[in-house]
Amino acid sequence: MHVLFTSRLTLRPPALPDAEDIALWLNDWNVARMLARVPYPYWAADAEDWIAGLADRPGAMVYTIHRERLIGVVSIEGDDKEPRLGYWLGEPWHGRGFMTEAARAVVAHAFATRGVRAISSSVFADNPASMRMQQKLGFVTTGARRTWSRSRQAQVAAWTTRLTASAFAAAGDTDSRAAA
């Protein structure tokens, strides 16, 4: 998998030494509560298991996001024709445009190298910042549903979203470059 660079970030595949930072940020309730599959509390052993499990998901584009240290994760996984975008960012880096920058780089890479026609995602209804980030990339709302949140141990209202390659191109700048 490629290493991606943006003007402020480096995105690279996860490695076992990342487990401590992943656990630190995902053990923050304000981060974990916005994710469907993440348990809470979240421990380093959970992160180690997740990293080890990536070997069983060939074709998944999973990147850790780094500034001075690991600050989050962004991924595109699943169906080759319409995979899903997933992401999280440590709370100290919220509101600075880092996730928009990281997701834009990974989405651009997926459209450029994988022949993907569209990318789907979803956002909990009580997470307007995540919806704004997706809208900046060109995602549109396609529906509503209730989904299980492992961290909340409850069904949560969510919006489903979708991004086509043409909508992404129309949304603007793809400030990224890939290095092998």
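This passage describes salt bridges in a predicted model. In total, 8 salt bridges were counted.

One of these pairs joins Arg8 to Glu101, with the closest N and O atoms 2.6 Å apart. Arg8 is located in the loop between β1 (3-5) and β2 (10-12), whereas Glu101 belongs to helix α4 (residues 98-113), so the contact ties together parts of the chain that are 93 residues apart in sequence. The two partners were also assessed for accessibility. Arg8 has a relative accessibility of 32% and counts as partly exposed. For Glu101 the value is 8%, and this residue counts as buried.

A further salt bridge is formed by Arg12 and Asp18, where 2.7 Å separates the closest N and O atoms. Arg12 is partly exposed, at 25% relative accessibility. Asp18, at 5%, falls under the 20% limit and therefore counts as buried.

Asp126 and Arg33 also meet through their side chains in a salt bridge, at an N to O distance of 3.9 Å. This pair links distant parts of the chain. Asp126 sits in the loop between β6 (118-124) and α5 (128-137), and Arg33 in the loop between α2 (29-32) and α3 (44-53), with their positions 93 residues apart in the count along the chain. Both residues are partly exposed: the relative accessible area is 36% for Asp126 and 24% for Arg33. The contact between Arg33 and Asp126 is part of a network that also includes Arg152, joined by salt bridges that share partners.

Definitions and conventions: Residues are numbered from 1 along each chain as its sequence is written. This is a predicted model: local features need pLDDT of at least 70, side-chain atom pairs count only at pLDDT 80 or more; totals for chains, interfaces and linings use all residues. Side-chain values use heavy atoms; hydrogens and water are left out. A salt bridge is a side-chain nitrogen of Lys or Arg within 4 Å of a carboxyl oxygen of Asp or Glu. Helices (H or I, at least four residues) and strands (E, at least two) are DSSP runs, numbered from the N terminus. Buried means under 20% relative accessible area, exposed over 50%, partly exposed in between (1.4 Å probe, protein chains only).
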